[in-house]
Amino acid sequence: MVGGKVQASFGNSIKNAEQGIDSLNNMAHTAAAAITSAFAAVKVGQFVGNAVSKYSSFEQAMATTAATANASQVEYERLEQAALAMGKATTKTATAASEALGYMALAGWNVDQSISALEPVLRLSEATQMDLARCSDLTTDSMSALGLSVDELGEYLDICTAANNNANTTAGALMEAFIGCGGAAKTVGADMIDMATALGVLANNGTKGTEAGTALNSMLVRMSSKDVAINAMKELGVSVFDTSGEFIGLNNVLVQLSDAMSNLTTEQLSLIHISEPTRLQLIS
């Protein structure tokens, strides 16, 4: 009798334990599902939030660009598609591409010009690790200073890339220099490659960016319009203009100056009033 009661009690205990384990197991699965669902909701929320934020930034950038360009609805759609395409095809975001288009519009480039220029400017940005918006801004400002048209963009960017790779400067610093001396270069009709070469030499001697642009601007102004410098060069038998009144080219001027000054003593050099950037950096 006692044995039967003990066995029955023992069986009930086991059954209760099994039910308890099943209950705990169900609770654990329910809790795990709830936790997984909660985390999923958070991740989805973050994803949606990030997507909305990025979309909002892109739309804002496009709105600003379109307003600057005074774009029609059709032109807006073309600008938008160009920015989105570059966002997919390159390492730059669509928002960055739209901001770059905005700087082109600020420079007075029309929609067609901006769209055609976007990828070349973007590729320069990638190649030189320059911020895309800054690259676009410097490109348009420097080309404007030099008096270059959008049709000359490809050649200009090639020159900037070559300077970036072959001189102690960067494409950005070269563009900054061009902004400083572009007006004088345009006035005298200096060759762009000669200018880039001179700025590369200046950079190799420790003068670059805005400082180099100021130095080269001063040199061009002095040698082409200041009586003291012009007379000093005449004493050396050097003229910056040919018989037709055309600029002979920066490289030709510097070669002639170098030859003319090669046999002068230090005392004689000190009496010739030629700008220091010319004497010390470009002739060295």
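Thr210, Glu211 and Thr214 are exposed on one side of helix α9. The model described here is predicted. The opposite side of α9 has another character. Buried there are Gly209, Ala212, Gly213, Ala215, Leu216, Met219, Leu220, Met223 and Ser224. These buried residues cover an arc of only 165 degrees around the axis, so they sit on the same side of α9. In an α-helix, 3.6 residues make a turn, so residues three or four places apart point the same way.

The length of α9 was compared with expectation. The helix covers residues 209-225, 17 residues in total. At 1.5 Å a residue, a span of 24 Å is expected, and the end C-alpha atoms are 24 Å apart, so the two values agree. Serine 225 also lies in α9. With a relative accessible area of 44%, serine 225 is partly exposed, because the range for that class runs from 20% to 50%. Its C-alpha atom lies 9.6 Å from that of valine 188, although 37 residues separate serine 225 and valine 188 in sequence.

The protein chain as a whole is helical in its assigned elements. It holds 13 helices and zero strands. Of its 284 residues, 39% are buried. Among contacts with a separation of 6 or more, 60% join residues 24 or more positions apart. The chain exposes about 15,600 Å², and carbon and sulfur atoms supply 54% of that area.

The largest nonpolar core contains 66 residues. Tyr156, Leu216 and Leu250 touch the most other members. Helix α7, residues 171-188, gives the largest share of this core, with nine residues. Leucine 250 has contacts with several residues of α9. Leaving aside residues up to four places away in sequence, leucine 250 touches Asp194, Met195, Ala198, Leu216, Met219, Leu220 and Met223. Among these partners, Leu216, Met219, Leu220 and Met223 belong to the buried set of α9.

Aromatic side chains were examined next. Two aromatic pairs were counted. In one of them, the ring centres of tyrosine 156 and phenylalanine 178 are 5.9 Å apart and the planes meet at 50 degrees, so this pair is tilted. The pair links distant parts of the chain, 22 residues apart: tyrosine 156 lies in helix α6 (residues 153-166) and phenylalanine 178 in helix α7. Tyrosine 156 has a relative accessible area of 0% and is therefore buried. Phenylalanine 178 is also at 0% and counts as buried.

The other pair joins phenylalanine 241 and phenylalanine 247. Their ring centres are 6.3 Å apart and their planes stand at 65 degrees, so the pair is edge-to-face. Phenylalanine 241 is partly exposed, with a relative accessible area of 31%. Phenylalanine 247 is buried, at 12%.

Helix α3 is mostly covered. This helix spans residues 94-106 and has 13 residues. Its first and last C-alpha atoms are 19 Å apart, close to the 18 Å expected at 1.5 Å a residue. Ten of the 13 residues of α3 are buried. They are Ala94, Thr95, Ala96, Ala97, Ser98, Ala100, Leu101, Gly102, Met104 and Ala105. Glycine 108 follows α3 and has a positive phi, near 95 degrees.

Note on methods
Residues numbered from 1 in each chain as written. Predicted model: local features only at pLDDT ≥ 70, side-chain atom pairs only at ≥ 80, totals over all residues. Heavy atoms only, no water. Core = buried A, V, L, I, M, F, W, Y, C linked by side-chain atoms within 4.5 Å. Buried < 20%, exposed > 50% of the residue type's maximum accessible area, 1.4 Å probe, protein only. Helix = DSSP H or I, 4+ residues; strand = E, 2+ residues; numbered from the N terminus. Contact = heavy atoms within 4.5 Å. Expected span 1.5 Å × (residues − 1). Arc of directions from axis to C-beta. Areas by Shrake-Rupley, 256 points an atom, 1.4 Å probe, with all protein chains shown as cover. Phe/Tyr/Trp six-rings, centres within 6.5 Å; stacked < 30°, edge-to-face > 60°.
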